[in-house]
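Subject: The structure I promised you

Hi,

Here is the structure we talked about, with my notes below it. Have a look at it first, then read on.

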Amino acid sequence: MSEAALPRRDATVPAKAAKPRRARPIGSESRLVQILLIAVSLGFLLLFLLLPLISVFVEAGARGWSAYRAAITEPDAVAAIRLTLLVASIAVPFNVVVGVAAAWAIAKFEFRGKNLLISLIDLPFSVSPVISGLVYVLLFGAQGYLGPFLKANGIEIIFALPGLVLATVFVTFPFVARELIPHMQSLGSTDEEAALTLGASPWRVFFSITLPNVKWSLFYGVLLCNARAMGEFGAVAVVSGRIRGLTNTMPLHVEILYNEYMSAAAFAVASLLAGLTLVTLALKSLLEWRYGDAIAAARHH
Amino acid sequence: MSRPSFRRLVQSGLVLGAFSLCFGIVAGARAQTELLNVSYDPTRELYREINAAFIADWNARNAKKITTIRQSHGGSGAQARTVIDGLNADVVTLALAGDIDAIAQRSRKLPLDWQKRLPDNASPYTSTIVFLVRKGNPKAIKDWGDLVKPGVQIITPNPKTSGGARWNYLAAWAYAEKAFDKDDAKVRDYIGKLLANVPVLDTGARGATTTFTQRGTGDLLLAWENEAFLAKKEFGQDKFDIVVPSLSILAEPPVALVDANVDAKGTRAEAQAYLEFLYTPKAQAIIARNFYRPRNPEAADPKDIANFPKVDLVTIDGAFGGWAKAQPTHFGDGGTFDQLYKPAR
Amino acid sequence: MTASTASSGWRQPSILPGLGLSLGITLTALSLVVLIPLAALFIKAASAGPAEIWAIATSPRTLAALRLSFLGALLAAAVNAVFGLILAWVLVRYDFPGKRLVDAAVDLPFALPTAVAGIALAAIYAPNGWVGALLAPYGIKVAYTPLGVMVALIFVGLPFVVRMVQPVLEESQGDIEEAAALLGASRLRTIFKVILPPVLPALLTGFVLAFARAVGEYGSVIFIAGNVPMLSEIAPLLIVIKLEQFDYAGAAVIATLMLLMSFALILLVNLIQARTRKRLGDV
């Protein structure tokens, strides 16, 4: 089988876009059934996906453009945006390094306990965000196991940036690794082995063979990781302390505004996050086009 | 295996370095003359105004200026927990004394007799519990007795997480004790029926108000008086009516200095002045304007004072023996709320 | 399972370098970020003592919350399995205008912040919302009922089944199906006997993932759930409530219960995948 074309059966991560369709198979449903199924699918999507998204933008614009601008340029909102970007800019690179390392170890080697390791990496994905916040409170809170030590040394973790970063790293931990592992597995190690045999240094092999091979999956993992990092609510809510202008991230700011009867402003900030989502999805679709071409090219060789 | 383990050592060093970098950023970000007021849900508008007035007042008279007063809002119990878990609050301004008691007991950051350190039980303003109904009062709700009628939907937050909801619950309880002449079985029956009419239990007072006003759910919102006035102001005088019951409870939201935190930060003078400022005529006027009942009504605009109807009020100490007793009896695990709450199937 | 415990034989030989380094980074980060904090959770839960753990775990309120979270997630995952399969089928097999857009939209729940989703869903499905107002005359209430919980859980789990099934359907397109049709099998028979069986592992994986994600969901649910104890109170909310009553041990016990179940689920998915990979000879 042509390895690169293998569709992935991995967790957490969506697959590549539809390949160019072949001619319709002999057996196929009647036109009526087709229309019915399409209608069911679109109705389902409309009800559960598109309406919420549309409502965010409608509500955000409910009080006009100037109110919208005021809501997102207000100092607390700006501070929240800045904090969210800062948290993501620490958490995402961290997860990239760890994700690449984990993918290398898991995809290129066979060792005992590998399935357990994969499951442990996946674990944060299915852990309730509330629990991810709770564990850090138990560990670093003033009443927690390390609380007295941290206090004695004047180190702040929860209700400060490190706590927000930790909680975010926790919830986005699997994203990059989960994206890379199946891709690296399907590529195999022959290229790297050949290069090593020809005398290339290990780092050079990594940077000029492995990384370019998986760059699109990596980028894709980063996108999802980033979107989740910026949008995380439950875990961050537990460790934030909600100090306006200081430890309030964008999703928390949305909730605060919503609770202040400023629903237009809340939805305005929410629309920024939703906009980010749309950009992420657009980038992803773009990626799939390019990636799809790359696969096709690989096939022709 | 020897080389990789050395590499791993280097690597863990890198990871630790990254972590300590995070700590460094935060340690450097601490500003000197900032206060943090950890408060409960409905006080956002009040403290926005108070803070501006206090900063102007303080900076006019002192060389060491206060730049900002940071606010953190949430359910009263949740806010108490964050302070216990280490949030560096200079002052706490919560919904009920029980939550500040919990901070004193569990974190030992302030003395147990904190409530004696400021006048009026450390509560510079009070409020009470009223009913917010839809315009024209379609279900004809006049008093607590109407709340247990079948088909009346009551919105209240969860007493387990919301301070306001605890006042709601105790106000209902006080009414029932009076109406049924302290017949415990009848009181419990009344509360049980009332709770059976509650379709949504939000975690905080604000969530409950939103559910009632913006989501169009329920016939009646049990709310702080200030919250009810604010909701009318925000969503239109023509959409809701306030119904004042025959009897309610005197809610005293207290304020306190968190000694250990202000001493560590060197902000004791500012924080103390901040709390005392709440009792000044200027602050009392702001308090009345934000629909809280001021301790000193003479300082406020008579127009604001005229908003407050006369209500027969019981006190937590008089009717329930104080929070130290009321909290475990009614809201602890296995307390009356747990016993009487049987959701409709 | 750590690298240091075994001296030889714990891994197959390879000429590739860097196992120690990469495994080192992975295990260090995993320990710091995931394992040590989770260990703290277990220790806290254990500190309650067996009798109390049992009392918390079997209290009616805990059971009701766990039941809602798990049953709700199960139902939501089932709904997603059915509609996700149809959606994947439509996306792979049919052509219609805007297909690419629909395909991209499926990923929305991955990226849309849960709090935003929750507020938006509550606004739409409330009795005065766009959809809620249509349903209200029929006496159907969505927001603030267990049905509202379901809506939110369906939302968060939606992409999984589609994204798992889609590539497999793409692959299965073609020869065998045509052969079956040529040999005279009816279309329905072809679908159930030829097309669906290879899709099953992917469908199952998607189902379990959607389920696992939904069980722990918090942000989007609390805005729409109603949060009534014993009725529409999800387990993560109960953890938050315990926490706000300063009952750290109680919160930790419920969290540990959920965690163990989550881990079992994830292990199950990875086993399904490992088996499928082996059968297809893909490693």
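How much of the chain is helix over residues 142–162 of chain C, and how far apart are the end C-alpha atoms? The stretch is 81% helix and 0% strand, and its end C-alpha atoms are 25 Å apart. Before you go further, keep in mind that this is a predicted model.

I picked that stretch because of a database record. An unreviewed UniProt entry annotates residues 20–43, 64–90, 110–135, 142–162, 191–211, 218–242 and 248–272 of chain C as "transmembrane region". Try residues 248–272 of chain C as well: there the chain is 100% helix and 0% strand, with 36 Å between the end C-alpha atoms.Chain A next. It has 13 helices and 0 strands, so if you read the elements from the N terminus on, you just get α thirteen times over. Of the 301 residues in chain A, 54% count as buried. Now take the contacts in chain A between residues at least 6 apart in sequence: 76% of them join residues at least 24 apart.

Chains A and C also touch each other. Chain C puts 103 residues into the contact, and chain A puts in 96. On the side of chain C that touches chain A, helix α13 (residues 248–279) of chain C gives the most, with 16 residues. Sorted by class, that side of chain C has 73 nonpolar, 17 polar and 13 charged residues.

If you want one residue to zoom in on, try Ile124(C), which sits in helix α6 (residues 114–125) of chain C. Is Ile124(C) buried or exposed? Ile124(C) counts as buried, because it has 22 C-beta neighbours inside 10 Å. Leaving aside neighbours within four places in sequence, Ile124(C) is in contact with Leu51(A), Pro52(A) and Ser55(A), and also with Gly129(C), Trp130(C), Val131(C) and Gly132(C). Look for Ile224(C) too: it is 100 residues from Ile124(C) along the chain, and their C-alpha atoms are separated by 9.9 Å.

Then there is chain B, which is divided into domain 1 (29–126 + 252–306) and domain 2 (129–249 + 315–340). The centres of these two domains of chain B, taken over C-alpha atoms, are separated by 26 Å. Where they meet, domain 1 of chain B gives 19 residues and domain 2 of chain B gives 18. On the domain 1 side, α3 (76–84) and α4 (97–107) of chain B are the elements that give two or more residues. The largest share of that side, 4 residues, comes from α4(B). By class, the domain 1 side has 9 nonpolar, 6 polar and 4 charged residues.

Chain B has a sheet to look at as well. In what order do the 4 strands of this open sheet in chain B run? The order is β6-β7-β5-β8, with mixed pairing. At the edges are β6 (154–155) and β8 (240–243) of chain B, each pairing on one side only. Strands β6(B) and β7 (residues 220–224) of chain B run parallel and are joined by 2 bridges. You can find the spot by looking for Ile154(B), which stands opposite Leu220(B) in β7(B). Helix α8 (residues 205–213) of chain B lies across β5 (129–134), β6 and β7 of chain B, and runs at about 150 degrees to β7(B).

Have fun with it!

Notes
Residues are numbered from 1 along each chain as its sequence is written. Chains are lettered from A and ligands numbered from 1 in the order in which they are written. This is a predicted model: local features need pLDDT of at least 70, side-chain atom pairs count only at pLDDT 80 or more; totals for chains, interfaces and linings use all residues. UniProt positions are given in the numbering used here, feature names are shortened, and annotations may be inferred rather than shown by experiment. Two strands pair if DSSP finds at least two bridges between them. Two residues are in contact if their C-beta atoms, placed from the backbone, lie within 7 Å. Axes are lines fitted to C-alpha atoms, for helices over the stretch in contact, and angles run from 0 to 180 degrees between N-to-C directions. A residue is buried if 20 or more other C-beta atoms lie within 10 Å of its own, exposed if 12 or fewer, and partly exposed in between; C-beta atoms are placed from the backbone. Ala, Val, Leu, Ile, Met, Phe, Trp, Tyr, Cys and Pro count as nonpolar, Asp, Glu, Lys and Arg as charged, and the others, Gly among them, as polar. Domain bounds come from an automatic or database domain assignment.
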